[in-house]
4 protein chains.
Amino acid sequence: MSSEFGRIIRVSIFGQSHGEAIGAVIDGLPAGEKIDLERIDAFMARRAPGGAGATQRREKDQVRIVSGLVDGYTCGAPLCGIIENTDAKSADYKAMADIPRPMHADYPAHVRHKGYNDVRGGGHFSARLTAPLCFAGAVCQQLLEKQGIYLGGHLLSAGDVQDTPFDPMNEDPAVLAPLTQRVPPVMDAQAAEKMLAAIDLARSAGDSIGGSVELCVLGLPTGLGEPPFDGVENRLSQALYAVPAIKCIEFGAGCAVSRMRGSEHNDPYVLQDDRIRTASNRHGGILGGLTTGMPLLLTCHFKPTPSIAQEQKSVSLSQMQEATLAVRGRHDPCVALRAVPCVEAAAAIALYDLYLEAKAHGY
Amino acid sequence: MSSEFGRIIRVSIFGQSHGEAIGAVIDGLPAGEKIDLERIDAFMARRAPGGAGATQRREKDQVRIVSGLVDGYTCGAPLCGIIENTDAKSADYKAMADIPRPMHADYPAHVRHKGYNDVRGGGHFSARLTAPLCFAGAVCQQLLEKQGIYLGGHLLSAGDVQDTPFDPMNEDPAVLAPLTQRVPPVMDAQAAEKMLAAIDLARSAGDSIGGSVELCVLGLPTGLGEPPFDGVENRLSQALYAVPAIKCIEFGAGCAVSRMRGSEHNDPYVLQDDRIRTASNRHGGILGGLTTGMPLLLTCHFKPTPSIAQEQKSVSLSQMQEATLAVRGRHDPCVALRAVPCVEAAAAIALYDLYLEAKAHGY
Amino acid sequence: MSSEFGRIIRVSIFGQSHGEAIGAVIDGLPAGEKIDLERIDAFMARRAPGGAGATQRREKDQVRIVSGLVDGYTCGAPLCGIIENTDAKSADYKAMADIPRPMHADYPAHVRHKGYNDVRGGGHFSARLTAPLCFAGAVCQQLLEKQGIYLGGHLLSAGDVQDTPFDPMNEDPAVLAPLTQRVPPVMDAQAAEKMLAAIDLARSAGDSIGGSVELCVLGLPTGLGEPPFDGVENRLSQALYAVPAIKCIEFGAGCAVSRMRGSEHNDPYVLQDDRIRTASNRHGGILGGLTTGMPLLLTCHFKPTPSIAQEQKSVSLSQMQEATLAVRGRHDPCVALRAVPCVEAAAAIALYDLYLEAKAHGY
Amino acid sequence: MSSEFGRIIRVSIFGQSHGEAIGAVIDGLPAGEKIDLERIDAFMARRAPGGAGATQRREKDQVRIVSGLVDGYTCGAPLCGIIENTDAKSADYKAMADIPRPMHADYPAHVRHKGYNDVRGGGHFSARLTAPLCFAGAVCQQLLEKQGIYLGGHLLSAGDVQDTPFDPMNEDPAVLAPLTQRVPPVMDAQAAEKMLAAIDLARSAGDSIGGSVELCVLGLPTGLGEPPFDGVENRLSQALYAVPAIKCIEFGAGCAVSRMRGSEHNDPYVLQDDRIRTASNRHGGILGGLTTGMPLLLTCHFKPTPSIAQEQKSVSLSQMQEATLAVRGRHDPCVALRAVPCVEAAAAIALYDLYLEAKAHGY
């Protein structure tokens, strides 16, 4: 496994769902940056289980920062945050050691790790590992904001219910802040209600639903990114796929571009208050792997939670014969719901790293 | 810019569209591997300009291998292949230095590189740089095949015209080979005709169209990938976005997953000839960032060629006033058409690197 | 700062001397490897303060492994070990914030980190950070031994007192084991006594002495190493300079080679029991950046402990005027004494990483 | 093999001694930097064979820059320089395929690469590969000079003959320039004569001698370096060991430190024209892995050229029986002689990379 990300900052994630503790080390942060710990807690709380529509596992997810900070300022040494696992119930997962849950990492992890992988709660593959990801992302998000770069997301869809998408021309960060206060983080209050209803319906049917998260980043300078292999899409994708259950990321107009004509897709350049902007924003703020200075927009599509209470077919690894399985345990029926801060976190890490890297190249 | 990719092998791409030469260095290849140079030439020819529906720029794209091979076998030293640029016509691009082409890297590259970027033909941002990518990919593809891993792609759509998609349960590599012989590389002959017609129509209208490329990889062992940050999707995305004009990559059922229920999305495990398989393949051969052993399927959505003959609005950088631009020069009206081998190449590099990395971890 | 090392395994060190905790994350370990925790404790104990001739700071240095192990076997997830700091006395160090200690990192760290570095006990620059290094090294040492690769060191000199050097032709690991039991780890008992006497003499004079550590690695296969930039010397040096106070590393005959003739330096090849060996071993087991299969030998030269009780000249950073300083606190008068396991640890990490990397390249 | 170096810039070296061409790609350079090509040629000429005391192989070593420069300025794309091999005489080396030369990489390379390594002239292990290293270093040296950082070296010793060492307190770059004009690059003219005589004597005896190169770097800002794993010594060592035949690198007072007392080794801080300096410079400009702003001094010890005309014992790999060998071909009897620019080049690459990296971390 490869649990590290970044070139200038290097985020290293450790822990298993039902192990003793999980955490993250952030190496390479500039010294002298004030870190607001309350905001980190608030960020973590958005991801934490227990909210409406979410799993009933309860973890405080209190991060204990054991290094890297002196009197609230980064000191240049690696910042390490540790979260103790206090509410792990491993009994739920015993059968998994033998009968892999469909659509989970269980089976390929069993093969890859020769049967030694930690099956309890999915081990290091668990969505619980997004907690330290959120910790690292919350730090990076603060540091981006000091540079005037704001990012935020919302649940764009849950099953068939759609929220209002971001206005791709709106550059006002005020649109982002309220979403962090809402459960679920949705713009349209009616859509929110319908989403929760759809999630409850799925839960009561022993089923689950997919969903999508839209992310918006404002205030990016023009020219961040290191194409061709470390352009903005490359790096964002590399970071975002650390969030489990994503099967597709759309940048700008996304998959619709393949059905467009150039004359309808192209965003012309215009002058606006002596700044060069595009008159429309189908490109989603990225061209040639570089930021254009326009709002960066992407959408992550999450598959429905694979763990469902309905009986499913699988195979007994010890007996090599077919078997059935009904996944017990506490699961979010819609993983996308709590994934909004995770998407923000992964993107914040990737973008802050690119921001620092551009400085190294004389930008 | 960051023109290197890979952990075990490291592919380094160099050159600009209208510079003296372009090329690639592949560091870290195992020694003693026979490389079939004719197959490399054949691979390069698939990407080369001049075919039906493609740009009229003519480059032989003959790769001169100057290191890394002795008597046709890799010797453990870096393999370097160089392609001379022989048909560059820079005069076409003079205006670009001042008026950035909409939807190209011109403007953000100008800002990032403080006006020193090579504007001729898009410089290092040009799709011409997919030639050395294809060289490196052709090498990796051969080495994957020695391990029984086959990959191939087709033009799944051009504008509104759709080709038949791959059967996600078919594990027979015989489905892939014929596609390499076809121009365009399409399964359904009628669709191919309609695609070429749509491309010609766009060209004659001074316009362009988008398209999509579907990739299939067969014979992958179960358990490749280094999640969470270097799982199969992470690495494939990082490599694939080096191919210009991709705005979205779908893995397995792709963006459709966000509208599915778990009970309809989940692929159950079954036994087939004593092997563990899934009865369906919506997961596209990847779970938890690891290969499952089922066919790996992904689709890349390409935007319409941004260079169109129609007049477009832009801005003069020197005068900081609005201007218009009609892009001259030789351009493919549908970049997706020649992108099929590029997608194969990027994926082959990423997968071969993951294959070797798994061996390092004792797999 | 850059606190990570390795390509296949990636060791990430965190913590400051007087922070809450220190530790290490080891990413990329193969799954299914049994880890002997008692041997790790024994390894840590060799580095721990409190022995003859060493600092009087007492830390148990008990490592708490919070992830990566299930029932004593590696599970493929990152292995994280945490050591709480329980006996930090920061009051000793207050003056340092203003008057940098000569020959320490204080002053350049102050400049680099703009005054935000953690000055307590040297922060992340402290030799205390060799504790997590030893933890990571102890793990790698065990895994190397499973491959028949043994490494061990001894205090070759303290001030003017010399121990007997290793016999460079001896391939029997039995020579290494007894050294781990001795305090100080010295071959010649009389030399050991004289060394302790020299250290005590320096301490009582408010002074310190330098020393050197010789390392021997046995059982290495022929051909490990990734030259030119990641050959055995490159990687060992990169890892070893993480141990504070080293100013020179000699491989094989070391600095003496520059005064030799080829005819006296060259080691001829011979056949021994059908194995190719060299008849002498001035090359120290490395040629062209690759292991030759002969014993690998290197010597690290440690400077005298910079913290001495004698009054020294320095500068007040706040007043920008010259000042004097007598370093109080608990310090080893000869850092080389406790550095033997640190040298072993750094080397074990580098060599195990190269061992795994060779497998990736088909070795 | 691993032929890449650097985090911000990434230098990739390719080619074999007797292959078609050798070269280097430098990725990650800032755009807009003027490169003086004549100075690069002059730098290359210092390394080129044919001077007094050196091999009689004649290569012009003309670098053809095929990418990365537009009108003499870096354009942000990778800079690739290619050197054609025009005077390779492979016949000299035929026996090597079977009888490995003592003290060369031949035997471990044969094992590692399973007999597929390029034996002609040592292949990728050859000192000829320092030509592209010098190209890359010459570029970095220019870019360092724009920042007021100057580096230069001299042949400190050849066999028993010593040159005057650098004055470790002298900060005037004027001391460095004349050395680049001298053959050999030696401060003391009498020593130069004696060195050439010693080299000639060795050659006529069919023997060779070792030597050492001292490097001085002036004008470094305080605080460069990324300890613990990427401090100045770590990175310099990693880069320098790419130069063949180095067996030891001493920083500052070097191996002598292990025999010193703290009170005699420590360099006190003083104020000089309102700058903080050390009153002496035994630390060689590096403390805690960071530059102190004092002159950086290091010495590389080179082994005697392993290729000697005298008959040596070795082993026939095909017959697995002992054999003898007298190495023919054109060889420098003292590799250190032409190594001065190579040491400068490797150091320039490492230091420029650290310089850029510090900027990324907000320095």
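In this predicted model, A:Ala360 is the residue of chain A that comes closest to the rotation axis, with its C-alpha at 2.2 Å. Which copy does that axis relate to chain A? A turn of 180° and a shift of 0.0 Å along the axis lay chain A on chain D, with an RMSD of 0.0 Å. The two copies are therefore related as by a two-fold rotation axis. The same surface serves both: 100% of the contact residues of chain A recur in chain D.

Now turn to chains A and B. Each gives 90 residues to their contact. The table sorts the side of chain B that touches chain A by class.

| Class of residue in chain B | Number |
|---|---|
| Nonpolar | 41 residues |
| Polar | 33 residues |
| Charged | 16 residues |

Strands also link these chains. Strand S11 of chain A and strand S11 of chain B, both residues 246-251, run antiparallel and are joined by three bridges. Across from A:Cys248 stands B:Glu250 of S11(B).

Next comes a helix pair within chain C. Two packed helices are described by the angle between their axes and the distance between the axes. Helix H5 (residues 232-240) of chain C packs on helix H7 (residues 336-360) of chain C at about 140°, and the axes are 8 Å apart. That angle makes H5(C) oblique to H7(C). The crossing is right-handed.

Which residues meet here? H5(C) brings C:Val232, C:Arg235, C:Leu236, C:Ala239 and C:Leu240. H7(C) answers with residues including C:Val343, C:Ala346, C:Ile349 and C:Leu354. In this contact of H5(C) with H7(C), ten residues are nonpolar, none is polar and one is charged.

How values were computed
Residues are numbered from 1 along each chain as its sequence is written. Chains are lettered from A and ligands numbered from 1 in the order in which they are written. This is a predicted model: local features need pLDDT of at least 70, side-chain atom pairs count only at pLDDT 80 or more; totals for chains, interfaces and linings use all residues. Axes are lines fitted to C-alpha atoms, for helices over the stretch in contact, and angles run from 0 to 180 degrees between N-to-C directions. Helices (H or I, at least four residues) and strands (E, at least two) are DSSP runs, numbered from the N terminus. Angles under 35 degrees count as roughly parallel, over 145 as roughly antiparallel, 65 to 115 as roughly perpendicular and the rest as oblique. A crossing is left-handed if the near helix is turned anticlockwise from the far one by less than a right angle, and right-handed if clockwise. Two residues are in contact if their C-beta atoms, placed from the backbone, lie within 7 Å. Ala, Val, Leu, Ile, Met, Phe, Trp, Tyr, Cys and Pro count as nonpolar, Asp, Glu, Lys and Arg as charged, and the others, Gly among them, as polar. Copies are superposed by least squares on the C-alpha atoms of residues with pLDDT of at least 70 in both. Two strands pair if DSSP finds at least two bridges between them.
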